[in-house]
Every structure is written in C-alpha cells, then in structure tokens.
There are 2 protein chains.
Amino acid sequence: MAKVVVIYSGGMDSYTVLNKALQQGHEVFALSFNYGQKHSRELICAKQVCEDRGVTHKMSDITAIADLLQSSSLVSSDIAVPEGHYEAESMKSTVVPNRNMILISLAIGYAVDIGAEAVWYGAHSGDHTIYPDCRPEFVEKMNEVSRLANFEVVDVYAPYLYKNKTDILRDGLAMDLDYGETWTCYKGLEKACGLCGSCVERLEAFAALERRDPVAYD
Amino acid sequence: MAKVVVIYSGGMDSYTVLNKALQQGHEVFALSFNYGQKHSRELICAKQVCEDRGVTHKMSDITAIADLLQSSSLVSSDIAVPEGHYEAESMKSTVVPNRNMILISLAIGYAVDIGAEAVWYGAHSGDHTIYPDCRPEFVEKMNEVSRLANFEVVDVYAPYLYKNKTDILRDGLAMDLDYGETWTCYKGLEKACGLCGSCVERLEAFAALERRDPVAYD
C-alpha cells in the first residue's frame, strides 16, 4: 500500500485508474484541474465520485494559465470543438500545448507536498497518434525527470500506457465500475453530443465490448 | 536569430539571461510568474526592464496553484522566510515543491503557442546543493522530455548551468548591465534585507568582484 496522487479528470480513463488504485489498497489523493476546459461537467462527476468513495479530492483552478495556451480549441472561446474521429487532422486543434507535462508537474508538486510516492494518470495507447504527450517515451522521460527533480522521489505511472480505451473499459467493467459516473464529451452540454472525437472513441469502446453506455446521448 | 521564451523572475540571474539572449540578437518573449511569492517586488522590476527594452512581457498569474504547494516558506503565510546562508539546513523550507518543472512546463506550453523554439532560464551551479531542480541532470532531462512532448520541438536551455552567481555577475557587468534594475531579496520589503539566503548570495557575488551592489540595503 502506498500514498498516491491520481490525476482525475472525471472521464472514463482516469476514473478507471482511480478505482484501480483504490482496489489495490492505495491511499488515494485525487487531483482534478480546472483549466478553463469547456467540458467542466467532467469535474462535477469527479467531485461526486470522490465524495461517494471518501477519497480526498483536490480541485486545482489553473484557469489563469489559459492565456498562455490560447491556441487550443479546448480552452479558447474563439475556436469551435471539431467533430469527427480523433484520427482526423482537425483534431489537432484539441491539443492543449504541453498539457500533460504541465498537469503532471503540478501533480508531482502536490505529491511532494503531501508525501505521496507516485503520480498515476490515464495515458493510453489510443491517444498516441494525436497527443505526443501520451506516448510511452514521454511518460518514461517524465518519470526519469520526476525522480530527480526533488529531494523526494516521485514516480510517474500510467497503468494503461500500453492498453487502448477498450482494454480500459474491459478492466473497469471487470471491476464492476459504473461508467454512468463518468463524463467524456468535450462539449459539456446537458447530454453527450456523440459526435466529438472523445464521444466517438468512447462509443467505439462500448460497441467493441457489446455493452451499452449508461450515459445519455443527444 | 531565434524566437525564444526567457523565464524572467526579475532577479539578477534571469535578468542576465534575458540580456544575453537580446545581445545575441534573439527575438525574446519574457515570461514572469506570479505564484504568490512574498518577493513580488522582483516582478515590478521585470515589468519595467521589459518596457524599457521593448521586450514582449507576459505575466502569468499562477497564485491559484499555491494551495497545491503549501509546504514552502516562499508561498505559505504560516512559515517565516529563514535567514542565513543557503547551505544551511533551514533553507530547505524555501524549496517550492517541483517549482522549476512546473514553471518550465508552462513556459514550454507558451513557447509552443507562440512558435518559439527554445525556453531559456537562469539555473546555475550555486543553486545545485539546495535545489535539486537546478542540477545539470535535471535540465538535461527536461530538455529531452520537452523535445518529445509536443509536435513542435522546444529546447530547454540554461546558459549559466555550469557557472556560479559570481560568473553570471561578471558576464552581466561585461555586458554593461545595471543591476539596480533587479531585485533579489526574498522578503520583498522597501529595502533589501541583506540577511536572507538570496541577499547573502548576491552580496557575496558583488564582494567577490569588488563591486558595489547598486540596490539599497536595510
């Protein structure tokens, strides 16, 4: 059993990571970031899940840094969230510049502060094509730099780094998780849009396992 | 000539780095962080210097993240800034958890956003004992991870990594820089205290070169 920080967006990947850490008996500190994303509904899910499980939940408001990172459609109000499959070129506009390094760096700082020995997060192989900061070599290098950045050694760990979204869902369903407790859609409206890259990928994972997604779609 | 982001605190090290980049003919984008440090006077110096030189200056307010990093005396109002030499054990309380990784990560994000090819910052050998995130192996690893974290390659460069504060001051004086334009004291009062680790180190550098520090001391 270890004290670990889980970067928890409220989406299905990090939800599964959070529950995996809990099932392994770790003392979990969930950390969510509000960085001005349009889909802040996922943060409401994150809060509720942590309350239900009695997990310490830290919500870090980093909206003030959004003006450093204007080029992404996920934070800029001038750019519409693109629809379609993640593999499309248009999806590149959903890349928040250097997002994972920023979030992991903050999580490592929090880990040092509370004496946790690792930061877990939900990078997976499905993200590799579109997000360079989800690739295994990135995560390995982040782990190396994290181990020598502070007096305290903090490991960076992505349990699903070599798995895809369907594998994650399969693992979560095997843990009896209820994905109605998660939020994925980038648009953040009342119901999920079913059209953005994030929705498409989620629906594909449920379809691959021949299961019904409990979230309501428009 | 390149487009570079300089992390510029307003202190003498980053002031020298900023001017070095300018003298080399680079197109400089200065980036300062307000992270709730008590010595915000250095930010006022930073702003003035950029105005005087016509350098684009971005001030990023990251005070909201201070509650993730409570253990440091530089950000916590519960802990007094220690006096004495940097080498003393008490100085460890001035370590902001994972500070440099956080600031560099944000600077890399900004660099990607504006299309800059490098982030310069003022790590130097005098900081190595006390701050793990100023050591050469940290900077090298940050450079490696930065080069693969985004579609755009951004280098992380610390021109004085193997130099000490006296070397930096010598280089700056050779460039005819006026260190009255900088602020170093951690306490951030009307005059520099002359007693905190930062002041002590600065005064030692001026003494080593037999020069008078133009800043007023209490």
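How many helices and strands does the secondary structure of chain A come to? The count is 6 helices and 5 strands, in a model that is predicted.

**Figure 1. Overview of chain A in the predicted model.** Read from the N terminus, the elements of chain A follow the order β-α-β-α-β-α-β-α-β-α-α. Chain A has 218 residues, of which 50% count as buried. Among the contacts in chain A with a separation of 6 or more, 69% join residues 24 or more positions apart. The mean pLDDT of chain A is 87, and 85% of the residues score at least 70. For the model, the scores are ipTM 0.86 and pTM 0.88. Where pLDDT is low, the predicted coordinates should not be read in detail.

**Figure 2. The relation between chain A and chain B.** A turn of 180° with a shift of 0.0 Å along the axis lays chain A on chain B, with an RMSD of 0.0 Å. This relation is therefore that of a two-fold axis. The C-alpha of chain A nearest the axis belongs to A:I102 and lies 3.1 Å from it. Both copies use the same surface, since 100% of the contact residues of chain A recur in chain B.

**Figure 3. The side of chain A that touches chain B.** Here 32 residues of chain A are in contact with 33 residues of chain B. Three elements of chain A, namely β3 (56–61), α3 (99–114) and α4 (136–149), each supply at least two residues of this side. The largest share, 9 residues, comes from α3(A). By class, this side of chain A has 19 nonpolar, 7 polar and 6 charged residues.

**Figure 4. Surroundings of B:L106 in helix α3 of chain B.** The helix that holds B:L106 spans residues 99–114 of chain B. Is B:L106 buried or exposed? B:L106 is buried, because 28 other C-beta atoms lie within 10 Å and 20 or more are enough for that class. With neighbours within four places in sequence left aside, the contacts of B:L106 are A:I65, A:L68 and A:I102 of chain A, together with B:S60 of chain B. B:C199 is 93 residues away from B:L106 in sequence, and the two are 27 Å apart in space, C-alpha to C-alpha.

**Figure 5. The largest nonpolar core and the contacts of B:V119.** The largest nonpolar core has 126 residues. Those with the most contacts inside this core are A:V6, A:A107 and A:V119 in chain A, and B:V6, B:A107 and B:V119 in chain B. Apart from its neighbours within four places in sequence, B:V119 is in contact with B:V5, B:I7, B:I104, B:A107, B:I108, B:A111, B:V154 and B:V156. In soluble globular proteins, nonpolar side chains tend to be buried together.

**Figure 6. A binding site annotated by UniProt around A:G11 and A:L18.** An unreviewed UniProt entry places the feature "binding site" at A:Y8, A:S9, A:G10, A:G11, A:M12, A:D13, A:S14, A:Y15, A:T16, A:V17 and A:L18. A:G11 is found in the loop between β1 (3–7) and α1 (12–23) of chain A, whereas A:L18 has its place in helix α1. A:G11 counts as buried because it has 20 C-beta neighbours inside 10 Å. A:L18 is also buried, with 27 other C-beta atoms within 10 Å. Not counting residues up to four places away in sequence, A:G11 touches A:E42, A:T182, A:W183 and A:T184. On the corresponding basis, A:L18 is in contact with A:V6, A:Y8, A:V28 and A:A30.

**Figure 7. The cysteines of a second UniProt annotation in chain A.** The annotation "binding site", from an unreviewed UniProt entry, covers A:C185, A:C193, A:C196 and A:C199. A:C193 has its place in the loop between α5 (165–174) and α6 (197–208), while A:C199 is in helix α6. Which of the classes applies to A:C193, buried or partly exposed? A:C193 is partly exposed, because 18 other C-beta atoms lie within 10 Å and a buried residue needs 20 or more. A:C199, with 21 other C-beta atoms within 10 Å, is buried. Beyond four places in sequence, A:C193 is in contact with A:C185, A:K187, A:C199 and A:D218. A:C199, in turn, touches A:T184, A:C185, A:A192, A:C193 and A:G194, residues up to four places away in sequence not being counted.

Conventions. Residues numbered from 1 in each chain as written. Chains lettered and ligands numbered in written order. Predicted model: local features only at pLDDT ≥ 70, side-chain atom pairs only at ≥ 80, totals over all residues. Contact = placed C-beta atoms within 7 Å. Helix = DSSP H or I, 4+ residues; strand = E, 2+ residues; numbered from the N terminus. Nonpolar A, V, L, I, M, F, W, Y, C, P; charged D, E, K, R; others polar. Core = buried A, V, L, I, M, F, W, Y, C linked by C-beta atoms within 7 Å. Buried ≥ 20, exposed ≤ 12 C-beta atoms within 10 Å, placed from the backbone. Least-squares fit on C-alpha atoms with pLDDT ≥ 70 in both. UniProt positions renumbered as here; feature names shortened; annotations may be inferred. pLDDT = per-residue confidence, 0-100.
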